[in-house]
Amino acid sequence: MKIVTICNYPDQENFNAMCIVWGNQIRKYCKNIEVEVLTEKNLPMPVKKSFDYNNIKISIKQRKENKFKFNRTISEKAQHNIFFKMYNLCNLNEPYIFIDADAFLLTNIDDLITAANDKPFIAVDHEKIPKHCAHIPYKFLNTGMMVVSDPTFLDFDKKIDILKRDRTFRYPGTDQSLVNSYVKEMNYDYSHELVGFGWNHCAGYTKFVDGDKAFCYGLGEEYLIKLNHYWHEFKPWNVQCPIYNQALKQNFRDKT
């Protein structure tokens, strides 16, 4: 089983530093696991050098031609998430763990490897985040981390068929909405007792206590964070992530 991410960020210092941290953290805790980055174009040089140093494979992939125009106002981000991210993930032919490039690993992945033996697909419910999704009455998974032990499980064409039928994103997100519609359509239980909120935690509610050790803080319960996800406005430069700040200093600021 390998680790996979998508890396199509702007060539900017903050995003470059974030991707470098992603690779460093993966290699820190997964020394002998294959890691592959899927990208639509050549990566910025600082990121490429760091990935090469960490023995992370870089694969340039094509976007699937979109012949389905269900909404004239669909954003470029949505187009990318469906026809590059989702399409290419659905077409991988070996087991993998997907970890978003804006999610930092803080521990080993033994729990994920063990859980992968039990189900073809595992994900984590989205946390109830104030001002984002706390008001949503139903559960839905967050696609920032997915354990795909059977790569045939995620069928791209079936997801598109559901989208064609619904002609809208029924759940929060774009590729995330497609996956949620897909698993709910088949009444599939994607949860696993070893893979809880700590494996896909919102970084805006994180308290670092010792190096990489961190706990959920401010959501009503405390648990150890294993994967800190810096989605939306909770990017590492906005929440003053100590791991990111250290990498920014080492890779960019000390050289100016």
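Colleague: Let's start with empty space. How many cavities of 30 Å³ or more does the structure hold?

Modeller: In this predicted model, there are three cavities that reach 30 Å³ or more. The largest of them holds about 50 Å³ of space.

Colleague: What makes that space a cavity and not a pocket?

Modeller: The test is escape: a 1.4 Å probe fits at the points of a cavity but cannot get out, whereas a pocket is an open set. The roughly 50 Å³ is counted as a cavity, so its points are ones the probe cannot leave.

Colleague: Which elements give two or more residues to the lining of the largest cavity?

Modeller: Helix 5 and helix 6 do. The lining residues include Lys159, Ile162 and Leu163, and also Ser177, Leu178 and Ser181.

Colleague: How do you know how the residues of that lining divide into nonpolar, polar and charged?

Modeller: By residue type. Asp, Glu, Lys and Arg count as charged, so Lys159, Asp166 and Arg170 go into that class. Thr168, Ser177 and Ser181 are polar because they belong to neither the nonpolar nor the charged list. The division comes out as five nonpolar, three polar and three charged.

Colleague: Now the open spaces. What volume does the largest pocket have, and which lining residues are the closest to its centre?

Modeller: Its volume is about 940 Å³. Among its 29 lining residues, Lys77, Asn81, Asp100, Asp102 and Trp231 are the closest to the centre. Helix 3 gives the largest share of the lining, with five residues, and strand 7 and helix 6 are also among the elements that supply at least two. By class, the lining has seven nonpolar, 13 polar and nine charged residues.

Colleague: And which residues are the closest to the centre of the second largest pocket?

Modeller: Asp125, Lys139, Asp189, Tyr190 and Ser191, out of 14 that line it. That pocket holds about 240 Å³. Strand 6 contributes the largest share of its lining, three residues, and the classes are seven nonpolar, three polar and four charged.

Colleague: On to the packing. Why is a set of residues called a nonpolar core?

Modeller: Three conditions apply: the residues are buried, they are of the listed nonpolar types, and their side-chain atoms join them within 4.5 Å. The largest such set has 29 members, and Leu89, Tyr96, Phe121, Leu154 and Val183 touch the most others. Helix 3 supplies the largest share, six residues. As a general backdrop, nonpolar side chains in soluble globular proteins tend to be buried together.

Colleague: What is Leu89 in contact with, beyond its neighbours within four places in sequence?

Modeller: Val4, Ile6, Leu38, Tyr96, Phe98 and Met146. There is also a second, separate core of 28 residues, with Cys7, Cys30, Ile33 and Val124 among its members.

Colleague: Met146 sits in strand 7. What makes you call strand 7 mostly covered?

Modeller: Eight of its eight residues are buried, and buried means a relative accessible area under 20%. Strand 7 also has partners: strand 4 pairs with it antiparallel over four bridges, and strand 6 does so antiparallel over five. Met146 is the bridge partner of Phe98 and also of Ala123.

Colleague: How do you know that strand 8 and strand 11 pair?

Modeller: Pairing needs at least two bridges, and these strands have two, in the parallel sense, so they qualify. One of the partnerships is Cys202 with His229.

Colleague: Why are strand 5 and strand 8 said to stand at the edges?

Modeller: The open sheet runs in the order 5-11-8, with mixed pairing. Strand 5 and strand 8 each have a single partner strand, so one side of each lacks a neighbour in the sheet.

Colleague: Last one: why is Gly204 called partly exposed?

Modeller: Its relative accessible area is 31%, which lies between the 20% limit for buried and the 50% limit for exposed, so partly exposed is the right term. Gly204 is in the loop between strand 8 and strand 9. Leaving aside its neighbours within four places in sequence, Gly204 is in contact with Phe234 and Val239. Its C-alpha is 9.1 Å from that of Gly218, which is 14 residues away in sequence.

Technical notes: Residues numbered from 1 in each chain as written. Predicted model: local features only at pLDDT ≥ 70, side-chain atom pairs only at ≥ 80, totals over all residues. Heavy atoms only, no water. Buried < 20%, exposed > 50% of the residue type's maximum accessible area, 1.4 Å probe, protein only. Contact = heavy atoms within 4.5 Å. 1 Å grid on protein atoms, 1.4 Å probe; cavity = no way out; pocket = protein on both sides within 12 Å on 5 of 7 lines; lining within 4 Å. Points joined across faces, edges and corners; volume = space filled by probe spheres on them.
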